[in-house]
Amino acid sequence: MAIRNIRTMGDSILTKVSKKVEKIDKRLLVLIDDMLDTLYDAEGVGLAAPQIGVLKRVVVIDVSEEANNPIILINPEIIETDGCQTGDEGCLSVPGKVGTVERPNYVKVKAYDKDMKEFTLEGTELLARAICHEIDHLNGILYVEKVKDGLRDTAYQEEETDE
Ligand code: NI
């Protein structure tokens, strides 16, 4: 278990397409543990393997308020979407910034778990947004490419919303 360094925009690894996971081995399990450690340390909602420099199709997401409900997606594929949501999005690889992005309001995703068993997961609102955002990372796409009215600084907003 370790916290890994998060790559930031400008690092070319973030623009590359990640490779499918072929088998679950000890190395991959360590990667997943480290991704979760890194996600929780950074207080993020989601993290994709390329963000810590590993070009594998692995994503971790936790949208729970208590940050105790990790979702692990290996080789995720969106198989259904519905509706549309417009809202602010940020990324651990683009610190201090936020921007408005349109995403589907409902997403159904097919993925594999740590036992390489296939499962499907449905998400709406924030979870749907996170699934789309993280899968984009696996395809070398940052949300900044999809932002509608440019990036804004978060500093002021954080002060406003901190409880
Ligand atoms: Ni991101």
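This briefing walks through the nickel site, some strand pairings, a buried arginine and the salt bridges of the structure above. The model is a predicted one, so please read every value here as computed from predicted coordinates. A nickel ion is held by Cys91, His133 and His137, and a search of the whole structure finds ten salt bridges.

**The nickel site**

- Three protein atoms act as donors to the nickel ion: SG of Cys91, NE2 of His133 and NE2 of His137. Their distances from the ion run from 2.1 to 2.2 Å.
- Along the chain, these donor residues follow the spacing C-x41-H-x3-H. Cysteine 91 sits in the loop between β4 (85-89) and β5 (97-103), while histidine 137 belongs to helix α2 (residues 125-138), so this pair ties together parts that are 46 residues apart in sequence.
- Are these two donors buried or exposed? Cysteine 91 counts as buried, at 11% relative accessibility, and histidine 137 is buried too, with a relative accessible area of 2%.

**Strands β1, β2 and β3**

- Strand β2 (residues 58-61) sends Val58 and Val60 one way and Val59 and Ile61 the other way. That fits a general pattern: in a regular strand, side chains alternate between the two faces of the sheet.
- On both sides of β2 these four residues are buried.
- Strand β1 (residues 46-48) runs antiparallel to β2, and three bridges join them. Within this pairing, leucine 47 has valine 60 of β2 as its bridge partner.
- Strand β3 (residues 71-82) also runs antiparallel to β2, with four bridges between them. Here the bridge partner of valine 59 is leucine 73 in β3.

**Arginine 129, a buried charged residue**

- Helix α2, which carries the nickel donor histidine 137, is also the place of arginine 129.
- How much of arginine 129 is accessible? Its relative accessible area is 6%, so arginine 129 is classed as buried.
- Leaving aside residues up to four places away in sequence, arginine 129 touches Gln85, Thr86, Gly87, Asp88, Glu89, Val101 and Arg103.

**Salt bridges**

- Arginine 7 and aspartate 11 meet through their side chains in a salt bridge, at 3.0 Å from N to O. Arginine 7 is partly exposed, with a relative accessible area of 27%, and aspartate 11 is partly exposed at 22%.
- Lysine 23 forms a salt bridge with aspartate 25, where the closest N and O atoms are 3.5 Å apart. Lysine 23 is exposed, with a relative accessible area of 55%, whereas aspartate 25 counts as partly exposed at 30%.
- Arginine 152 and aspartate 88 also pair up by their side chains, with an N to O distance of 2.7 Å. This salt bridge links distant parts of the chain: arginine 152 lies in strand β8 (residues 152-153) and aspartate 88 in strand β4, 64 residues apart.
- In that pair, arginine 152 is partly exposed, with a relative accessible area of 30%, and aspartate 88 counts as partly exposed at 40% relative accessibility.
- Which residues are joined into one network by salt bridges that share partners? They are Glu89, Arg103, Arg129, Asp136 and Lys146. Two members of this network, Glu89 and Arg103, also appear among the residues that arginine 129 touches.

Methods: Residues are numbered from 1 along each chain as its sequence is written. This is a predicted model: local features need pLDDT of at least 70, side-chain atom pairs count only at pLDDT 80 or more; totals for chains, interfaces and linings use all residues. Side-chain values use heavy atoms; hydrogens and water are left out. Donors are N, O and S atoms within 2.8 Å of the metal (3.2 Å for Na, K and Ca); water is not among the atoms, so sites may look incomplete. Helices (H or I, at least four residues) and strands (E, at least two) are DSSP runs, numbered from the N terminus. Buried means under 20% relative accessible area, exposed over 50%, partly exposed in between (1.4 Å probe, protein chains only). Two strands pair if DSSP finds at least two bridges between them. Contact means heavy atoms within 4.5 Å. A salt bridge is a side-chain nitrogen of Lys or Arg within 4 Å of a carboxyl oxygen of Asp or Glu.
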